[in-house]
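Student: Please take me through the labels used for this model, and set each one against its cut-off.

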Amino acid sequence: MAEFFDLDAVLDAVAGGNSAAFMQVVHAYGLVVRSYLGSQIWNAADVDDLAQDTFIAAFRTLHTFRRGDDFAAWLRGIARNKGLMYFRGAQRRVNALEKFRAEIAVIVDEELDSQSSGDRQEQIAALLRCISKLPEKLRRIVHSGLDGVKAAAVAQSFQTSTAAVYQLHYRANQLLRDCMTREVQDV
């Protein structure tokens, strides 16, 4: 606070109609209010907004301040109420957002299910046809991958390196992709 700040003189000036005098209060107590709000709220922009709201509320209710009481404590009380309202509003926004997300998820799930229910069976049938067209070794690689068998175990059963299994798996995927493209075009 300013060294020569006379709160009573400023309050008298504001009460006398000199609203610009209140800026001295803002300058003198701004750090106190921002520090108090900043200890509870991490977003600096929100702290600034709430500090401004605090000073506006203080200006509007200045007539309720009892002379002789701790002015900084009175401002912190206003700031505390502004902070509580901020957190209530934030919780309402979070709840509304969660409700919105849940509603959208239901709509999207229903939409995806309705659009893909028939296609899924056809795609699975086409994939199985394509797998059956693969050479025996590649079919075994695909089946082991679908069963979750590790590449090292497959390499051991084929008596080859893990890198070779990865190459075979890559080749099988390419052939399946090409076959699925042809199957979809034929439908």
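**The disulfide**

Tutor: A disulfide joins C130 to C179, with an S to S distance of 2.1 Å. The model is a predicted one, and it holds one disulfide.

Student: What makes the link of C130 to C179 a disulfide?

Tutor: The cut-off for a pair of cysteine sulfur atoms is 2.5 Å. C130 and C179 have their sulfur atoms 2.1 Å apart, so the pair counts as a disulfide.

Student: Which hand does the link of C130 and C179 have?

Tutor: The angle about the S-S bond is -85°, and the link of C130 and C179 is left-handed. The two cysteines belong to distant parts of the chain: C130 is in helix 4 (residues 71-133) and C179 in helix 7, 49 residues apart.

Student: How do you know whether C130 is buried or exposed?

Tutor: Buried means under 20% relative accessible area. C130 has 2% relative accessibility, and therefore counts as buried. C179, with a relative accessible area of 5%, is buried because that value is also under 20%.

Student: Why does K133 get the label it has, buried or exposed?

Tutor: K133 lies in helix 4. Its relative accessibility is 57%, and exposed means over 50%, so K133 counts as exposed. Leaving aside residues up to four places away in sequence, K133 touches C179 and E183. The C-alpha atoms of K133 and C179 are separated by 8.9 Å, with their positions 46 residues apart along the chain.

**Helix pairs**

Student: Why are helix 6 and helix 7 called roughly perpendicular?

Tutor: The axes of helix 6 (residues 151-158) and helix 7 (residues 162-186) come within 8 Å and cross at roughly 100°. Angles of 65 to 115 degrees count as roughly perpendicular, and therefore the label fits helix 6 and helix 7.

Student: Which residues meet where helix 6 and helix 7 are in contact?

Tutor: A151, A152, V154 and A155 in helix 6 meet T162, V165 and Y166 in helix 7. Sorted by type, the residues of this contact are six nonpolar, one polar and no charged.

Student: What makes helix 2 oblique to helix 3?

Tutor: Helix 2 (residues 22-38) and helix 3 (residues 44-60) have axes that come within 9 Å and cross at roughly 135°. That angle is neither over 145, for roughly antiparallel, nor from 65 to 115, for roughly perpendicular, so helix 2 is oblique to helix 3. Their crossing is right-handed.

Student: How do the residues of the contact of helix 2 with helix 3 divide?

Tutor: On the helix 2 side, the contact residues are F22, V25, V26, Y29, G30, V33, R34, L37 and G38, and they meet V47, D48, L50, A51, T54, F55, A58 and F59 in helix 3. They divide into twelve nonpolar, three polar and two charged.

**Two loop residues**

Student: How do you know whether Q159 is buried or exposed?

Tutor: Q159 is found in the loop between helix 6 and helix 7. Q159 has a relative accessible area of 75%, which is over 50%, so it is exposed. Q159 also has a phi near 55°, a positive value in a residue other than glycine.

Student: What about H63, buried or exposed?

Tutor: H63 lies in the loop between helix 3 and helix 4. At 68% relative accessibility, H63 is over the 50% cut-off and therefore counts as exposed. From C-alpha to C-alpha, H63 and L11 are 9.2 Å apart in space, and they are 52 residues apart in sequence.

Terms used:
Residues numbered from 1 in each chain as written. Predicted model: local features only at pLDDT ≥ 70, side-chain atom pairs only at ≥ 80, totals over all residues. Heavy atoms only, no water. Axes fitted to C-alpha atoms, helices over the stretch in contact; angles between N-to-C directions. Helix = DSSP H or I, 4+ residues; strand = E, 2+ residues; numbered from the N terminus. Parallel < 35°, antiparallel > 145°, perpendicular 65-115°, else oblique. Contact = heavy atoms within 4.5 Å. Nonpolar A, V, L, I, M, F, W, Y, C, P; charged D, E, K, R; others polar. Buried < 20%, exposed > 50% of the residue type's maximum accessible area, 1.4 Å probe, protein only. Left-handed = near helix turned anticlockwise from the far one by under 90°.
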